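Here are my notes on this entry, set out as numbered points for someone who has not looked at it before. Please read them beside the sequence and the model.

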Amino acid sequence: MKKRRLAILGSTGSIGTQTLDVVRAHPDMFEVTLISARSSVDKLALQAREFDVNNVVICDESRYPELSSLLEDSDSKVWAGQESLCSLVAGDEVDIVVGAMVGFSGLKPTLAALEVGKTVALANKETLVAAGSIVTGTARKNGAAILPVDSEHSAIFQCLLGAGSNEVKKIHLTASGGPFRQWSRERIAEATASEALRHPNWNMGAKVTIDSATMMNKGFEMIEARWLFDVSPDDINIVIQPESVIHSMVEFADGSVIAQMASPDMRQPISFALGFPLRLDCGCPRLDLGLLKCLHFEEPDTERFPNLELAFRAIRRGGNAPCALNAANEVAVEAFLQGKAGFYDISRINETCLERLDFVADPTLDDILLTDKETRKIANGCID
């Protein structure tokens, strides 16, 4: 069997490192030909040596001399900047692009891969949030496949594989509820970044973990599901499943609901995307239903977690509104992590940016790039 050649964009982050765990478990199936990181040169260099990677890209061009020096005695070619990354993902040495970059920065490389018909294993939900119509349209035009890596979207995908031509009635997108699920609004208002980073079930990067605490992550996943599975936002239901064992469910016309269950370990959905249609054993913990005993379900509280309602508001409006919400949220979350904003300042900034949006109903890529830039200015102006 010919090895599948992987480009891992954001290889030093949480999804990227777990993708490399999958490669370690199945070296006979996968070869890493390209890795990239924003600025983590030391970790990137170690990965390049371990996996004998052909091309290594540091997106922060100021770190290029340092990375080049670390790899000067290796066979790896060192590149800098997003334009280099976009060019390389479209090259002949790549079969599957793993989109594990955080935030809006993942958009251009994802489009570059889809424009030449590459398969994209997508973990970067912001790409579809900001430009869902453009991204899915590009994939259709060029016969490219987008395979979901988020555990929830992988679960939906797996449930749909057995659906045949049956129409989906509703998607039930599950959420853990995050670290503040049982906190009062008053207590949440005083939450610190260190408290928000203590996710009860998942090991994720800082940005995604804060988004989970505010439930913006679930709002973004709802928007992502809208584009991945071509469903109306009104047909997507959010349900809290605090054990994080049921990763999502699909309901059909006869009332039947198919659920996908697994331990909360990102290596499972990553390996499913990379090995599809094969299921690969990557050493993930097995579910022990006897020990589990029971599962719980709750309705989300949009008063304590207003970001969830903002996400529905943005996708129902459509156009460039989700892009603006994503840009505002990236700025607001960074401010919270740096101690420059409080927890509920995140949703306040997000709502302000949506209200001040210069709305475009049918945005082009240039419109999306401009919306991102202008919204970040507005968001930064909202930070005291």
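1. Of the 384 residues in the chain, 55% are buried, where buried means under 20% relative accessible area, exposed over 50%, and partly exposed in between, with a 1.4 Å probe and protein chains only. This is a predicted model, in which local features need pLDDT of at least 70 and side-chain atom pairs count only at pLDDT 80 or more, while totals for chains, interfaces and linings use all residues. Residues are numbered from 1 along each chain as its sequence is written, and side-chain values use heavy atoms, with hydrogens and water left out.

2. The overall dimensions agree with a compact globule, because 384 residues would then give a radius of gyration near 21 Å and the chain has 20 Å; the radius is taken over C-alpha atoms, and the globule rule is 2.2 Å times the number of residues to the power 0.38. Along the principal axes, the C-alpha atoms fill a box of roughly 55 × 50 × 40 Å.

3. The chain holds 17 helices and eleven strands, which are DSSP runs numbered from the N terminus (helices H or I, at least four residues; strands E, at least two). Among contacts (heavy atoms within 4.5 Å) between residues at least 6 apart in sequence, 68% join residues at least 24 apart.

4. Helix H14, residues 307-317, deserves a look for its buried residues, which are Asn307, Leu308, Leu310, Ala311, Phe312, Ala314 and Ile315. These buried residues pack against helices H10 (206-214), H11 (216-228), H15 (321-337) and H16 (343-355), and also against strand S9 (236-240). After H14 comes glycine 318, with a positive phi near 80°.

5. How many disulfides are there by the distance rule? The count is zero, a disulfide being a pair of cysteine sulfur atoms within 2.5 Å. Cysteine 159 cannot form one because the closest cysteine sulfur, in cysteine 284, is 17 Å from its own, too far for a bond. Cysteine 323 is likewise in no disulfide, the nearest cysteine sulfur, that of cysteine 353, being 11 Å away. Cysteine 159 counts as buried at 4% relative accessibility, and cysteine 323 is buried with a relative accessible area of 0%.

6. On the outside, the chain exposes about 16400 Å², of which carbon and sulfur atoms supply 48%; accessible areas come from the Shrake-Rupley method with a 1.4 Å probe. Methionine 261, in strand S11 (residues 257-261), is partly exposed, with a relative accessible area of 35%.
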